[in-house]
Amino acid sequence: MGLTRILIIDDEENFCKLVKMNLELLGDLSVTIATNGKMGIKLAKKTKPDLILLDMLMPGMKGLEVLERLKKDENTMAIPVVMLSAIGDEPSKTRAMELYDEEYITKPIDGPQLKAKIEEVLRRFK
Amino acid sequence: MEKNLNKKEKGAEALVSQKALFNLLGDITEAMDGLAKTKEYVDNIIKSMIDTLIVIDPDTIIKTVNKATCELLGYKEEELIGKPVAIIFAEVTPFKGARMKKLIEENSIKDHGVAYKTKSGEEIPVSFSGSVMRDKHGDLVGIVGIARDMREIKRLMQKEKELAAQAAAAEADRIKARELEIAYKKLQETQDMLIQAEKLSAAGQLAGGVAHEVKNPLSIIIQGVSYLEKKLPPKERDSIEILGMIREGVDRADRIIGLLLDFSKETKLDLRPEDVNSILENSLTLVKAKFELKNIDVKRDIKKDIPKVLADKRRIEQVFVNILLNAIQAMSEEGKIIIRSYVKELKEATNGLGRRGEDHFQIGEKTVIVEIEDTGAGISKENLKKIFDPFFTTKDSSGGTGLGLSVSLNIIKMHKALIDIKSQIGKGTKAIITLKVA
């Protein structure tokens, strides 16, 4: 069984790096980083990850728009998305959940909690 | 027969007549003396009268006036005698038209309010009484009038009226002052509530604004902590302990942000009929460790079969936990906490210090009451006014955030419920929560 591939889309570069280090340290996960929405969509299409961690509130293209584009594209529509929220954009989070029935987690979250959530979502999607 | 009388007899007869004449003259003189004395007597009475007196003939010509009349009106006696009575009246005289007719018919008038006019033209209010004089045939021969100067009486009456008006005005002022005081108090309460609402709203806005900015760095810290915790070998005890402290600090900061976010008006409640006793038990379980640490005894006086309340379980639990944590903080070791729940029909609104929440209850409404009482240090009156203010805390820096009770108040308000805190220094504090029956 190969590594589970995760794409994290978040403008907080240090956060992304630490998530990558944590998840990869905890085992069986490989993490790719995108620090903005456009790059995230491009990488999603290209690498087709097993799961996407998507920050809701980013400068430029917002998380909700990224989600909508991913869900409209047949190459990425089946990829489960876990939204990362710092409770700064409640309406977007609510809308995303209503539209796409996606999971969300609230920051701050530590490595093991994040890994547990990823595993839970992947189990549901299999 | 006269012819037959002799000279002697005639002389005797003349003597008798003379004597009779003398007697008669004597009688007349005596009668006149008496009359003069009577007149003098009557004149004296008239003169010494304090009230004014006038006598007029049937043609309303003044025949007699007394001294008091002359003094009052500034006339000499001779200036009035023979003059029409109208000259001493200001406008209306009782001796004209219908008034005169009535006077003659009824033979008298009593205490008529009219005005005299003095020689200089000043008008003097008088109370006038008149009486008709008739001869033995019943014919009118004159009218006697007595008038009393009413100026002093009127002045006294006016004074009395003014005093009464002043008293009424003073009473009105007192009532107004009382109303003003009540209105001011009400205004102050409203102002307090507005300030409170403003503080909550400001805290909510602030929270919304900073939550994202603070939570992202916190996420970085906690991810870093997780990584290092995993990487460090178990022998690095100090480093692991330091990471534990950092984690605790992040948790605390996150909790404060979470509490601040609770002020946000967009927070929605998930209201359902809930059993308040089980919410209470859950809350107690959450803080059980802290009770045990301080050896605090928890006494329950919980009524079973109380109706379900309309509540967001998680939120009400948060309120109970906040109050329980405050109670634990307020007590030294071996204190006591008494938990009560019961049904109460509202008889009147309580009005204690520390009572907050919109009054959504009706007198007579059945409510569920939860009481959490401690035997702690108590809260001073001064502090009791501030306990619901965001960031108000009496605990040292290691203790609370000063947000627990303001968040609780916000939750209570959203539930249209009431929270009332009563406290006595040295005796303890009691939180009374009134909830709506589902």
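Which residues are buried in α11(B)? Here are some views of this predicted model, starting with that helix.

**View 1. Helix α11 of chain B, mostly covered.**
The helix runs over residues 404-414 of chain B. In α11(B), the buried residues are B:G404, B:L405, B:S406, B:V407, B:S408, B:L409, B:N410, B:I411 and B:I412. That makes nine of its eleven residues. Keep an eye on what follows the helix too: just after α11(B), B:K416 has a positive phi of about 55°.

**View 2. Where chain B meets chain A.**
On the chain B side, 18 residues are in contact with chain A, and on the chain A side the count is 21 residues. Between them the two chains bury about 1800 Å², and 67% of that is on carbon and sulfur atoms. Three residues of chain B stand out here: B:H212, B:Q223 and B:Y227 supply 35% of the area that chain B buries against chain A, more than any other three residues. As for quoting an area at all, the size of an interface is often given as the accessible area lost when the parts come together.

**View 3. Zooming in on B:Q223.**
This residue sits in helix α5 of chain B, which covers residues 151-231. Is B:Q223 buried or exposed? B:Q223 has a relative accessible area of 0%, so it counts as buried, the cut-off being under 20%. Setting aside neighbours within four places in sequence, what does B:Q223 touch? Its contacts are A:F15, A:L18, A:V19, A:N22, A:I109, A:D110, A:G111 and A:L114. B:Q223 is also one of the three residues, along with B:H212 and B:Y227, that supply 35% of chain B's buried area against chain A.

**View 4. Chain A, helices and strands in turn.**
Follow chain A along the sequence and you get β-α-β-α-β-α-β-α-β-α, built from five helices and five strands. Its C-alpha trace spans about 35 × 30 × 25 Å along the principal axes. The radius of gyration is 13 Å, which agrees with the value near 14 Å for a compact globule of 126 residues. Of those 126 residues, 51% count as buried. Take the contacts in chain A between residues at least 6 apart in sequence, and 64% of them join residues at least 24 apart. Chain A exposes about 6100 Å², with carbon and sulfur atoms supplying 50% of it. There are 20 positive and 21 negative charges in chain A, and their mean positions are 5 Å apart.

**View 5. Chain B, end to end.**
The C-alpha atoms of chain B fill a box of roughly 190 × 45 × 35 Å along the principal axes. What is the radius of gyration of chain B? Chain B has 53 Å, whereas a compact globule of 438 residues would have a value near 22 Å. Eleven helices and 13 strands make up the count for this chain, and buried residues account for 34% of its 438 residues. Among contacts with a separation of 6 or more, 65% in chain B come from residues 24 or more positions apart. The exposed area of chain B is about 27200 Å², of which carbon and sulfur atoms supply 55%. Chain B carries 72 positive and 68 negative side chains, and the centres of these two sets lie 2 Å apart.

Conventions
Residues numbered from 1 in each chain as written. Chains lettered and ligands numbered in written order. Predicted model: local features only at pLDDT ≥ 70, side-chain atom pairs only at ≥ 80, totals over all residues. Heavy atoms only, no water. Helix = DSSP H or I, 4+ residues; strand = E, 2+ residues; numbered from the N terminus. Rg over C-alpha atoms; globule rule 2.2 N^0.38 Å. Buried < 20%, exposed > 50% of the residue type's maximum accessible area, 1.4 Å probe, protein only. Contact = heavy atoms within 4.5 Å. Areas by Shrake-Rupley, 256 points an atom, 1.4 Å probe, with all protein chains shown as cover. Lys, Arg positive; Asp, Glu negative; His and termini not counted. Charge placed at Lys NZ, Arg CZ, Asp CG, Glu CD. Buried area = accessible area lost by both parts, 1.4 Å probe.
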